[in-house]
Amino acid sequence: MTFVAFSPVARGFLCAGDLATNQFAEKDIRRTMPRFAQDMYAANLPLRKAYQAYAAKVGFTPAQLALAWLLQKDRTLIPIPGTQN
């Protein structure tokens with residue numbers, strides 16, 4: 001059996017750069033996700049910053065680290081990172 005890891009970078013949460021959650025487009029699905037709600041995002045921000053620092057320390061971008069972690073878990077796991085274009 002193969003497991004498909006949908007949204008392996010947590011809709012951009014595990015990527016480099018800052019997310020302007022208050023500037024998501026009107027139809028952006030992240031507007032409805034609790035992790036991106038103002039209070040939850042603020043609470044998770046220190047964890048995100050620590051994760052980004054660890055990724056830099058080991059020489060990966062945050063997205064590369066998330067994908068590498070998934071890929072090493074099981075050879076039948078397939079992460080599908082999203083793209084916009």
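**Close-up views of an aromatic cluster and helix α1**

**View 1. Phe13, Phe24, Phe36 and Tyr41 come together in one aromatic cluster.** The model shown in this and the following views is a predicted one. The structure holds four aromatic pairs in total. One of them joins Phe13 to Tyr41 in an edge-to-face arrangement, with 6.1 Å centre to centre and 80° between the planes. Because Phe13 lies in the loop between β1 (3-6) and α1 while Tyr41 belongs to helix α1, this pair ties together parts that are 28 residues apart in sequence. Phe13 counts as buried because its relative accessibility is 10%, and Tyr41 counts as buried at 8%, where the cut-off for burial is under 20% relative accessible area.

**View 2. Phe24 and Phe36 form an edge-to-face aromatic pair, and Arg30 places its charged end over the ring of Phe24.** The ring centres of Phe24 and Phe36 are 5.6 Å apart, with 80° between the planes. Both residues lie in the loop between β1 and α1, and the pair links parts of the chain that are twelve residues apart. Phe24 is buried at 8% relative accessibility, and Phe36 is likewise buried, with a relative accessible area of 5%. The charged end of Arg30 sits 3.9 Å from the centre of the Phe24 ring, and it also sits over the ring of Phe36, 5.8 Å from the centre of that ring.

**View 3. The largest nonpolar core comprises six residues.** These are Ala10, Phe13, Leu19, Phe24, Phe36 and Tyr41. When residues up to four places away in sequence are not counted, Ala10 touches Arg35 and Phe36. Apart from this core lies another, of five residues, among them Val9, Tyr51, Ala55 and Leu65. In soluble globular proteins, nonpolar side chains tend to be buried together.

**View 4. Helix α1, spanning residues 38-57, has a kink at Asn44.** The helix has 20 residues and reaches 28 Å from its first C-alpha to its last, close to the 28 Å expected at 1.5 Å a residue. The kink, of about 40°, lies shortly before the proline Pro46. Within α1, the residues Tyr41, Arg48, Tyr51, Gln52 and Ala55 are buried, and what covers the buried residues of this helix includes α2 (62-73). Helix α1 is followed by Gly59, whose phi is positive, near 85°.

Terms used. Residues are numbered from 1 along each chain as its sequence is written. This is a predicted model: local features need pLDDT of at least 70, side-chain atom pairs count only at pLDDT 80 or more; totals for chains, interfaces and linings use all residues. Side-chain values use heavy atoms; hydrogens and water are left out. Helices (H or I, at least four residues) and strands (E, at least two) are DSSP runs, numbered from the N terminus. The expected span of a helix is 1.5 Å times one less than its number of residues. The bend at a residue is the angle between axes fitted to the seven residues ending there and the seven starting there. Buried means under 20% relative accessible area, exposed over 50%, partly exposed in between (1.4 Å probe, protein chains only). Contact means heavy atoms within 4.5 Å. A nonpolar core is a set of buried Ala, Val, Leu, Ile, Met, Phe, Trp, Tyr and Cys residues joined through side-chain atoms within 4.5 Å. Rings of Phe, Tyr and Trp (its six-membered ring) pair if their centres lie within 6.5 Å; planes under 30 degrees apart count as stacked, over 60 as edge-to-face and the rest as tilted. A charge sits over a ring if NZ of Lys or CZ of Arg is within 6 Å of the ring centre and within 35 degrees of the ring normal.
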